[in-house]
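Q: Could you take me through the place where the two chains meet, and then the empty spaces in and around it? I'd like the cut-offs spelled out as you go.

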Amino acid sequence: MSLRQTHGAEIDAILALYPHKRSAILAVLYIAQDAYGQLSDAAIREVAEILDATVTDVFEVVGFYTLLYDDKVGKVVLQVCDDVPCAFCGAEELVGTLESKLGIKSEETTADGLFTLQRVKCLAACNRAPVLQANLDYHGELSTPEKVDELLSQLRTRIANNDNISISGRKATL
Amino acid sequence: MPPITEHVVLRDLDVPNIADLDVYIQHEGYEALRNAVKEKSPQDIINVVKDAGLRGRGGAGFPAGVKWGFLPKDVYPRYLCCNADESEPGTFNNHQIIDRNPHQLIEGVALAAYAIECQKAFIYIRGEFAAGALRLEKAIADATARGFLGKNVFGTNTSIEIIVHRGAGAYICGEETALLESLEGKVGHPRLKPPFPAVAGLYGKPTIVNNVETLTNVPRIVLKGVEWYRKNGTEKSPGTKVFSLSGHVNKPGNYEVPFGVTMRELIYDYAGGMRDDKKVKIIVPGGASSAWLTEANLDVAMDYESLAAAGTMLGSGGIIILDETVSAVELAYKMDEFFKHESCGKCTPCREGTHYLVKTLHKFTHGGAVKNDINKLHDVYNQMAGNCFCLLGESAVVPIRTALRLFPEEFEAALAKSPARHAIPLTLAH
């Protein structure tokens, strides 16, 4: 099934917002990323066709923005801020805890395909340091291994129930 | 300085649930917009914002009303872009406004759109604010359903459509011309100026770019007037400012205060003082791009002029306070790692310069520094300064330059401990 078949109305509504189709590129890429789990070459070509853009232009955009994933990621992408001030407020400890609990290093995905762990720059939630985003939902004050356990168990339940899982953040929690 | 008696921007602290449209309406919500479209001309709105002296909160501090006056006459369509790409390390006030007082931001966008005769306004929101984007979309839909936005605003001939546009992770898109490129569906590379966006911006049309906090001030200024607004702040920096305090303070958070309070008041009266009563070592007063201050500067007044006189800037209002446990070398390394990560790659001084700064700083933090490396750091930032295409590269110079100026002994000490210190320095081009 193509994106046009599965998300035609949503894509048309987005295209209608802009004087030029190409402005819809990030929004359509977010849809493709959720539908396919990553922005594969085929997905990128499909988006280019929807937007009447060249394939090169879409590849360039995918390569530029950090929230567009051309490699396969887990069901939930965990993005830990390791920037200032988090770096001095427990971010390194948080990364360490996650690495040991998940059994992976940063920038890797667990063997079961559930979690990808990444280090990212400032998330504009410095008052909640150390902070991470899980599929772009904020989780702050993660200063103990117990809090990390609690979060991972909540996320595992959500994945098991397929409860609003969107790596693009299209179903972020209000 | 006494605290403010009511919030201008963070009204969520005075009015619980102000994010709810009905609650917002009960507290004068959308009255300014109603009065404007029914009884005032666009020029009236520009004049009141100009007279209030509202200065852009995104970093530059340029007067918003003056900016609005730069649009060329009789060229349409015109666009308004609200810059919600808040990504400057240490800054999180836009985040709170979007989450907790979204309608005041939206009303501000609508008023600015009316003032500049724009029918389609965009809120460019950083991709990470996924929930914030959904919240704004819902708030816009709610306001549109009541006839406050969309076609025929409050039954008049004015049309104002507001579109929430989510970015996808790139600090550079907070630079106004990179933001426009991104909105056009391209990579976020900054444009050469001039032409400035007011002349040729989004899709080549006259465009105004304003920050979230700036626009959130506008409904209150239009409704309550210039005199009310100027009750707070100083002559040249009127009104209030929402400072984001983070790092080693007891109560990190956003604090809305009159311009002109001192740094000491912010840290000790508002943010609860220092964690474990430790001493202040380094203050980054206005986001990662601002020159550092130290304990010696605690009595600086927090307004544009006083911070400039202290050799730094008010910037984004993101204040990072760090205690004596933090190494200046490590801080410079982390900050320049940020700029290296976020460099868009368009110009050589920034792309290569940030790379060499981080590579050399890494040697200091990881025991590989050699004798010539302090000179190399000076050499690299001096080659960057004044030569980068946009302010990102220029900002990357600031952390390392201030670190070397304020804490040279820490670099010397790191070098003295470096196992590699006696190695023969290689040339820069390895």
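A: Here's a walk across the interface, followed by the pockets and cavities. Before we start, this is a predicted model, so local features need pLDDT of at least 70 and side-chain atom pairs count only at pLDDT 80 or more, while totals for chains, interfaces and linings use all residues. Residues are numbered from 1 along each chain as its sequence is written, chains are lettered from A and ligands numbered from 1 in the order in which they are written, and side-chain values use heavy atoms, with hydrogens and water left out.

Let's begin with the contact itself. Chain B brings 58 residues and chain A brings 41 residues, where contact means heavy atoms within 4.5 Å. Together the chains bury about 3800 Å², with 64% of it on carbon and sulfur atoms; buried area here is the accessible area (1.4 Å probe) that two parts lose on being put together, summed over both. On the chain B side, Arg166(B), Ala168(B) and Lys334(B) lose the most area to chain A, together 16% of what that side buries.

Now for the polar side of things. The rule picks out two salt bridges across the interface, a salt bridge being a side-chain nitrogen of Lys or Arg within 4 Å of a carboxyl oxygen of Asp or Glu. Lys121(A) pairs up with Glu337(B) in a salt bridge, their closest N and O atoms 3.2 Å apart. There are also 20 residue pairs in polar contact between the chains (both at pLDDT 80 or more); that term covers N or O atoms within 3.5 Å, where within protein one must be able to donate a hydrogen and the other to accept it, and residues adjacent in sequence count only if both atoms are side-chain atoms.

Which element of chain B does the most here? H13(B) gives the most to the side that touches chain A, with eight residues; helices (H or I, at least four residues) and strands (E, at least two) are DSSP runs, numbered from the N terminus. By class, that side of chain B has 26 nonpolar, 17 polar and 15 charged residues, with Ala, Val, Leu, Ile, Met, Phe, Trp, Tyr, Cys and Pro counted as nonpolar, Asp, Glu, Lys and Arg as charged, and the others, Gly among them, as polar.

On to the empty space. On a 1 Å grid over the protein atoms alone, a pocket is an open set of points with protein on both sides within 12 Å along at least five of seven lines, a cavity is a set where a 1.4 Å probe fits but cannot get out, and lining residues have an atom within 4 Å of a point. Points are joined across faces, edges and corners, and a volume is the space filled by probe spheres set on them.

The largest pocket has a volume of about 1400 Å³. Its lining has 49 residues, with Gly58(B), Ala60(B), Gly174(B), Glu176(B) and Leu391(B) the closest to the centre.

The second largest pocket holds about 650 Å³. Of its 27 lining residues, the closest to the centre are Ile14(A), Leu17(A), Ala27(A), Glu137(B) and Val164(B). H7(B) supplies the largest share of that lining, seven residues, and the lining divides into 18 nonpolar, four polar and five charged residues.

Finally, the rule counts three cavities of 30 Å³ or more. The largest has a volume of about 80 Å³, and among its 13 lining residues Ala134(A), Asn135(A), Asp137(A), Arg158(A) and Asn164(A) lie nearest the centre.
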